[in-house]
Amino acid sequence: MKRNYIPEGMSSTPAQITERNSWVTALSADLAPETYTLFKTTVHYLTATESADTLAEEANDILRDLLEELGDEAELDAELRQLGCQLSQQLQTADASDEPLNDEPWLLARGHDLAHTVAAFWTDLADTYSGRQAACQRLLEDFADDSHSSRRHALELACSRFYLDTHQAHRLLARAHELARQRHQGRAAPSLNQQSQRAARQAFSARSAGLAHHGNR
């Protein structure tokens, strides 16, 4: 066997990589306005109603519960340190009068990060659009039925890093599912401008044929 041999089917082709990256980029852009609003609303609510210590403790508890199920203590400790450090730094910028956190560049950046996280999660569900949508639909049913699965757990863990709960994770996945469908249909169908141009060409061709027929009479 050759060195660095990768069995067929275990690696992605350049075309597959390009297709995946295109979906992640496009779906991230579609999700970004909504993830920004959701993240900003969540942070403002939390910082307006909780002290910095309480907020950090609650966020850590959520992450701890999720990671303990995985049994990975090293990942748990690393995630808790990262989350606590990030949260402390951002809360230090809040007004001393407990006004909601209003660091717009940070909110925009984290909203974009959340959009990218959800878009990448959807894209990695399968290798094709139809496979991704089918897997996504099954996962949405898991949420609706309150059934637990490794994929649901992975999404909840990813969203908890943005202080989102399971209901908000479900909402974002459903939105990604819908936006992907809309984008796919938009690719498959001609745009309104293309349709108008096609109709104009057809009308011109029909009119020209009619004039030629009239001239030959």
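Buried residues make up 33% of the 217 residues in the chain, in what is a predicted model. The accessible surface of the chain comes to about 13500 Å², and carbon and sulfur atoms account for 51% of that area. The chain contains 8 helices and 0 strands, so that, read from the N terminus on, its elements run α-α-α-α-α-α-α-α. Among the contacts with a separation of 6 or more, 73% join residues that are 24 or more positions apart.

The confidence of the prediction is described by a mean pLDDT of 76 for the chain, with 56% of the residues reaching 70 or more. Over residues 95-100 the pLDDT stays under 50, and the model has 6 contacts beyond four places in sequence for this stretch. Residues 188-197 likewise have a pLDDT that stays under 50, and for them the model has 2 contacts beyond four places in sequence.

The packing of the helices can be followed from α4 through α5 to α6. The axes of α4 and helix α5, which spans residues 129-145, come within 9 Å and cross at roughly 110°; angles of 65 to 115 degrees count as roughly perpendicular, and α4 and α5 are therefore roughly perpendicular to each other. On the α4 side of this meeting stand F121, W122 and T123, while α5 contributes Y129, R132, Q133, C136 and L139. The axes of α5 and α6, in turn, come within 10 Å and cross at roughly 80°, and these two helices are therefore also described as roughly perpendicular to each other. The contact between them is made by A135, L139, D142 and F143 of α5 together with R151, R152, L155 and E156 of α6. Helix α6, which covers residues 150-160, is largely enclosed by the rest of the structure, because 8 of its 11 residues are buried. The buried residues of α6 are R152, H153, L155, E156, L157, A158, C159 and S160, and of these R152, L155 and E156 take part in the contact with α5.

L173, located in helix α7 (residues 166-188), has a relative accessible area of 0% and is therefore buried. Not counting residues up to four places away in sequence, L173 touches F121, C136, L139, L140, F143 and L155. Several of these partners have already appeared above: F121 belongs to the α4 side and C136 and L139 to the α5 side of the meeting between α4 and α5, whereas F143 of α5 and L155 of α6 belong to the contact between α5 and α6. L173 and L139 are 34 residues apart in sequence, and their C-alpha atoms are 8.8 Å apart in space.

The aromatic residues give a further view of the packing, with the count of aromatic pairs coming to 6. In one of them, W23 and W122 form a tilted pair, 5.0 Å centre to centre and with 55° between the planes. Since W23 lies in helix α1 and W122 in helix α4 (residues 104-123), this pair ties together parts that are 99 residues apart in sequence. Both W23 and W122 are buried. W122 also forms an aromatic pair with Y129, again tilted, at 6.4 Å centre to centre and with 55° between the planes. The relative accessibility of W122 is 0%, and W122 therefore counts as buried; for Y129 the relative accessible area is 17%, which likewise places Y129 among the buried residues, given that buried means under 20%. W122 and Y129 are also found among the residues through which α4 and α5 meet. Elsewhere, ring pairs link F39, W106, F162 and Y163 into a cluster.

Helix α1, which spans residues 14-49, also contains L38. With a relative accessible area of 6%, L38 is buried. When its neighbours within four places in sequence are left aside, L38 is in contact with L164, Q168, R171 and L172. Q168, R171 and L172 fall within the residue range of helix α7, 166-188. L38 and F162, one of the members of the aromatic cluster, are 124 residues apart in sequence but 9.9 Å apart in space, C-alpha to C-alpha.

Terms used:
Residues numbered from 1 in each chain as written. Predicted model: local features only at pLDDT ≥ 70, side-chain atom pairs only at ≥ 80, totals over all residues. Heavy atoms only, no water. Helix = DSSP H or I, 4+ residues; strand = E, 2+ residues; numbered from the N terminus. Buried < 20%, exposed > 50% of the residue type's maximum accessible area, 1.4 Å probe, protein only. Contact = heavy atoms within 4.5 Å. Phe/Tyr/Trp six-rings, centres within 6.5 Å; stacked < 30°, edge-to-face > 60°. Areas by Shrake-Rupley, 256 points an atom, 1.4 Å probe, with all protein chains shown as cover. pLDDT = per-residue confidence, 0-100. Axes fitted to C-alpha atoms, helices over the stretch in contact; angles between N-to-C directions. Parallel < 35°, antiparallel > 145°, perpendicular 65-115°, else oblique.
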